[in-house]
Amino acid sequence: MGCRLARRLVRAGGALEYEYLGIADHASLCGLPEMVEAAAASRIRPLYGAAFPFLNGQSAIAFVETANGYGNLCQLVTDWQALSASHPATRAGGIPALAPEAAKRFFANADALAGLTWIVNDAALYGALRAGGVETYWRVGPTLASPPRGINAAVFVPGPFLPAPRDFDAHRLLRAVGGATAFDRIPAADASDRDRVRAPVLMGMPDAYLRSAEEYAEAFAVHADAIERADILAARLGRFKPGRDTLHPPPPESGRIAENNAPSALATLRRLAYEGAAIRYGEVGEAVRRRLEHELDLIDRKGFAEYFLVVHDIVNRLAGGDGRVRRGRSITCGRGSGVACLVNYCLGVTNVDALKHNLMFERFLNEARKDPPDIDVDFAWDERDGVLDKVFVNYGDKRVARVANHNRYDWRGAFRAAARTLGFSDPEITRRLRESPSVYSEAHPGRTPPPEAVAPSAPRALRKLEVLRRVDAPDWNLAERLAERLVGIPHCLSMHCGGVVMAPGTIARIVPTIMSRKGQPTIQWEKDGAEDMGLVKIDLLGNRSLAIIRDAVKAIAKDTGTSEEDVIPINPEDDPATRRLVERGDTFGVFYLESPAMRLLMAKARRGDFAHAVIHSSIIRPAANAFINEYLERLHGKSWQPEHPLLAGLFDESYGIPVYQEDVVKLAMALAGYDYARADGIRKCLGKHDARERLAAAFPELAGAARARGVDEATLAGFRRTLMSMIGYSFCKPHSASYAQVSYEAAYLRAHHPAYFMAAVLSNGGGFYSAQAYVSEAMRLGLQVLGPDVNRSEPTWRAEGRGAIRTGLMMISGLSRAAIAAVVATREKGGRYIDLEDFLQRVSTASDDRRRLALVGALDDLAPELNRPQILWRAGQNAGDEMRVDQRSKNAVSGSLFSLTAPNSIRESRLSHRLHAVRRRSCRPIRDASASRRNTPPLDSFPAAIRWRCMKGKSGKAPGYLSDADTPGLSPPGACRNTRGKRLSSWLGQSPPRLWKRNTATP
C-alpha cells in the first residue's frame, strides 16, 4: 500500500467517487483491517490483494476472488515472508523481495494459487500461471510496455500507492530509511528513468498517485479494451468480502463434543460455573444464581462458551493448577472488563466478586457488542513464558499465534529517522532534540511526548518547535518538514506483550503470519485489527507482584506450618491493619500503590477502603491533575452539584468526577441520548492510536445531539476535557478493581509479615524502585538486613524470623549462576560447611566467584580467626592454575602483592602489617561486588553526621516526608526511576550522596 495507511488511500478514492478500489500491500496484508473499516465509511467496495515484489523492480499482484482464494493468499504471504527472510539479497528498502527465478518456482503450485486473479508484467511468469490454469492478466501502465504479441488478456492497473503528489517525499524518506541510505540518493519526482533504475532501493513512479477516473481514461485511451476489462474484473472481484464473523477457538477436551453424546460446551461451562460458585460462596444464593443465568444466557446467544472454556483451561490447568477453582487467593489475576463477569469469578479467572463490588456485566458483554469479548489474565512474571509454551503445545502452533504491534512514528522518532537520512549523526540529533521544547508542555523539556500529545492530526503543534526553524540551518528545517509527514505512519512490526489469538483451523489461512525470534508464529495484524476481523484474543501477561505474593505466601506457610490458602484471608481489604496501612499511604513495595504520586494521593485522601482504592488507581493518570484536585476537595467536604441535571446520580460514588472509561459511555448516553452501542463506540476510540483524530470526527455529531437536549456549551466543554484526559491512559472500573485486589493482598503481607514481604520484593527484582531503595525501606521498617552467607543464604532473599532478611546470593554482582547453584546444591546434599577448608574442598568454582564470595563476607563465619583479606587470599590460593590465569588477566595488582608460593606464616604476617587495624569485616570491597556486611546496615559505616544529612530532607524532617504538612512519612528517599532487578553494586563502596542520589529532597 506504499508509505501511507490504507485508510488514507480509501478516503482519497471515496473523495474521487470511486465505486471499486483495489489496494495491495507489499508482501503482506497488514493494512487489511484498516482498509475494511475505511471502505465501510467511504462506501467503496474494496478489492483485497497483495503484491509480491521482485528484485528487478517488477511485481506480481494477486487479488482475491473467493474465500478459498483469500486463504491461499494468506498462506502465500506467510510462505513469501519465510522464503525472502532466507535470501540475503533483499534490496527493496525493507520490503521482502525475491529474484525473478526464485519467484517463478514459488508460483509453481497451481492449487495454492486457486481463487486468485493475478496481474503480472513478466512474460515467463504470465505463461507459467496461464499454463497452470490460473486466471492471469497483463499489467499495462504509463511507463510499462504494451502486452507482448499473443497475450490478449490485458488489464489496466496503474498501481497507485500515494494518496496525493505531496506524499512522494514521505515515500522517498521511507525508502531511504528502509534501505539504510541517504535521502538524496533516492530519486526525486523529476528524476530520469535512468536514475530511478540506479536507485539503491526499489522505487515507485512519482506520478503513481490516485487520480480521477476521467484522467485515467484520457491517459490510457490507447488501451480502451484494457480499461473495459478492468471494469469487468473489478465488478467480479468486488463480490468477495472477508469474513468478519467471530472465529471461535477450539474448545479444550473438557468441552469438546464427541460422538458419544458428550455434553456441549455450554453445558460444560454451566457445570463449571456452578461448581465454582459453590466453592466461592459456600452456598449459591438467589442473587448469584440470577446473575449467573443472565450471563450464561447471553454467552450462549453470542456463541462464546468455547472461549470461556479455553480461558478456564489455561488458568486452572496449564498454569500449574489441578483444574479446580481456589476459594481464596488466586494464582493469576484476571483483569480488564472481563472482571465484571461473575462467570469468570466462578471459573477462577479473576479473584474479584462482580456482585460484591457492583461491576456492570454489560461493560464486558452486551447485546449490541459484535466483536468478541476480551479476557486478560496476568500470571507470575517468571511463569508466563511457560504458560505460553503450553498453550502452543496443547492447542497446536497451527491454530495459535501471537499478536503483532504496529509501531508508529511519534514526533521524535520521525525526526530522528529523517535527520539520519540527511547525514546527521546520532549525537547531533540527540543534542538538537534536547534543545527543543516539548510539544505538549514546556514544563517537561526533553521528554518524549505521550501518544495523545502528538498525532497525525497535530501539525500545528509540531510547528511550535521554533528551535528547529533557524534560518542558518536549512537541513534541520528539511528534517522537520519530512518528520511531520511521518508522524503516525507504521515503520515496523513487533510482538504484542501478551496477546494470543486462536482459530478453529489453520491460522495462516486467516491472516498471514511471520515467525518471531522466539520461534512463535505472529500474525500481521495488531490487536484492534485482529478483533475487528473476528479473531478471538486472549492476553496472557506477566505480573511481578503475583510472584512476590506467591513467594511470600510459600515462605510463610513453610516456616509457620500453615496452609498456603490460609496465609491471606479471602477478603484482605476488610483487614483493619491493612486498611490503615493503605490509608496513610505506607505502601512502598505494594503493587500499584507504591508510586510517589499514588502514595501522595492516598495520604491526602486518607481513605483505606477498597472502593476508594479502585477510584484512586484509575484517576491517577497523567492528564487528570485538575480532576484529582477537585476530587480531593469534594472528598473532604466541599459541596458539589452535577455539572448538568441530566447527570444527576451518575457519578455519586466518585463525587461527581468521571473516573472510568465506562463513564464516557454514561456521559454520551445521558447528554446526547445515544444508545449503549453508539456510546460504547465513543469509548472504544480512547484506546486507538489515532484517538484524537477519531474523537475530533465524532464529537461534532455528539455535541449537536447534546445541544438538542438542552446541554449548554460549558457542560460540553467539560465533557471534551474529560475525553481528552482519558486518551491513551485510562481504565475501566473492573480493571482497577482487579488490580486493587492484588494490591490489598500485597498490602496485607506488608502489614502482617514485613520480613517475608520485603524478601519476596527484593527476590523478584522489586517494582517501581531500585533494590537499594527497598533495602532502605526494610531497615526503616525495623528489619535487620543480614549479609550473604554460604551456610544461610539461598539464591534469593529470604526472611530469618519476623525481624530480619538475609541477602540472597543473586545480589552479588558478577557471581555466576553456576557458582550459586554449586554452593546451594552442595550444602543441601552434604550438609552445612564446617569451615573454610571444607568449603574450598567441596565446592568447585572459578576463582573470580570465590573472590566475590569472600569480598562480600559470605565466607566470614567459616573462618572466625581470620580477617577478610586473609579469607580472600586463602580462597584464591586454592583455585590453582585457574586462579593464576585469572589473576594475570583481571587482577594483576593482587597477584603482585601476594605471592602464591609464600608460606602461610609469612603471608599472614605481611597482611597484618600492610592492612591497618580495622574491624574484622570492614574491609572495603571492590565496587563490582555487593558490599553487604554481616549484621551491619549499609549506613553504619558512615559518620553519624553524614548519615543524618543523607536521610534528612530540606524541611528537616525524617526521610520520605511529602510536601503536605499533614502527610505522614511514607518511605525513605530512593530512586524514583524503574530500575527493576538492579543489583546492589556497592553499599559500602560509595559515598552517601551517591547512595541517596535520586532523593530530590536531599540538599
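This report walks through the cores, strands, helices, aromatic rings and unusual backbone spots of the structure above. The model is a predicted one, and residue numbers run from 1 along the chain as its sequence is written.

**Two nonpolar cores**

A good place to start is the inside. In soluble globular proteins, nonpolar side chains tend to be buried together. Here the largest nonpolar core has 71 residues, and the members that touch the most others are Y631, L749, F757, W797 and I805. Many helices feed this core: those that give two or more residues include helix 20 (544-560), helix 24 (625-635) and helix 30 (754-763). Helix 29 provides the largest share, with 9 residues.

L749 shows what the surroundings of such a residue look like. Leaving aside residues up to four places away in sequence, L749 touches I549, A552, V553 and I556, together with V567, I568, P754 and F757. Apart from this core lies another, made of 62 residues, with A60, A102, L113 and F240 among them.

**Strand 4 and its neighbours**

Strand 4 (residues 116-120) is largely enclosed by the rest of the structure, because 5 of its 5 residues are buried. Its side chains split into two groups: L116, W118 and V120 point one way, T117 and I119 point the other way, and all are buried.

How do the neighbouring strands pair with it? Strands of a sheet pair through backbone hydrogen bonds, either parallel or antiparallel. Strand 3 (residues 59-64) pairs with strand 4 in the antiparallel sense over 4 bridges, and A62 has W118 as its bridge partner there. Strand 5 (residues 136-140) pairs with strand 4 in the parallel sense over 3 bridges, and in this case I119 is matched with Y137.

**A three-stranded sheet**

Further along the chain, 3 strands form an open sheet with mixed pairing, in the order 14-16-15. Strand 14 (784-786) and strand 15 (798-799) are the edge strands, each pairing on one side only. Between strand 14 and strand 16 (residues 804-806) the pairing is parallel, over 3 bridges, and Q784 has A804 of strand 16 as its bridge partner.

**Helices 25 and 26**

Helix 26 (residues 676-684) has Y676, A679, D680, I682 and R683 as its buried residues. These residues lie on the same side of helix 26, because they cover an arc of only 150° around the axis. The cover over them includes helix 25 (661-672), helix 27 (691-708) and helix 28 (713-726).

Helix 25 also holds E662. With a relative accessible area of 7%, E662 counts as buried, because the cut-off is under 20%. Not counting residues up to four places away in sequence, the contacts of E662 are M360, R363, C732, K733 and P734.

**Aromatic rings and charges over them**

The structure holds 30 aromatic pairs. One of them joins F768 and Y769: the ring centres are 5.1 Å apart and the planes are at 65°, so the pair is edge-to-face. Is each partner buried or partly exposed? F768 is partly exposed, at 30% relative accessibility, whereas Y769 is buried, at 1%. Elsewhere, F52, W80, F106, F107 and W118 form one aromatic cluster; W118 is also the residue of strand 4 that bridges to A62.

Two arginines lie over ring faces, as set out here.

| Charged residue | Ring | Distance to ring centre |
|---|---|---|
| R280 | Y345 | 4.3 Å |
| R720 | F699 | 4.9 Å |

**Two positive phi angles**

Most residues other than glycine have a negative phi, and most peptide bonds are trans. Against that background, two loop residues are worth a look. R43 has a positive phi of about 60° although it is not a glycine, and R43 sits in the loop between helix 2 (32-42) and strand 2 (45-53). R43 is exposed, with a relative accessible area of 77%.

Y592 is also not a glycine, and its phi is positive at about 75°. Its place is the loop between helix 21 and helix 22. Y592 is partly exposed, with a relative accessible area of 22%.

Conventions:
This is a predicted model: local features need pLDDT of at least 70, side-chain atom pairs count only at pLDDT 80 or more; totals for chains, interfaces and linings use all residues. Side-chain values use heavy atoms; hydrogens and water are left out. A nonpolar core is a set of buried Ala, Val, Leu, Ile, Met, Phe, Trp, Tyr and Cys residues joined through side-chain atoms within 4.5 Å. Buried means under 20% relative accessible area, exposed over 50%, partly exposed in between (1.4 Å probe, protein chains only). Contact means heavy atoms within 4.5 Å. Rings of Phe, Tyr and Trp (its six-membered ring) pair if their centres lie within 6.5 Å; planes under 30 degrees apart count as stacked, over 60 as edge-to-face and the rest as tilted. A charge sits over a ring if NZ of Lys or CZ of Arg is within 6 Å of the ring centre and within 35 degrees of the ring normal. The arc is that of the directions from the helix axis to the C-beta atoms. Two strands pair if DSSP finds at least two bridges between them.
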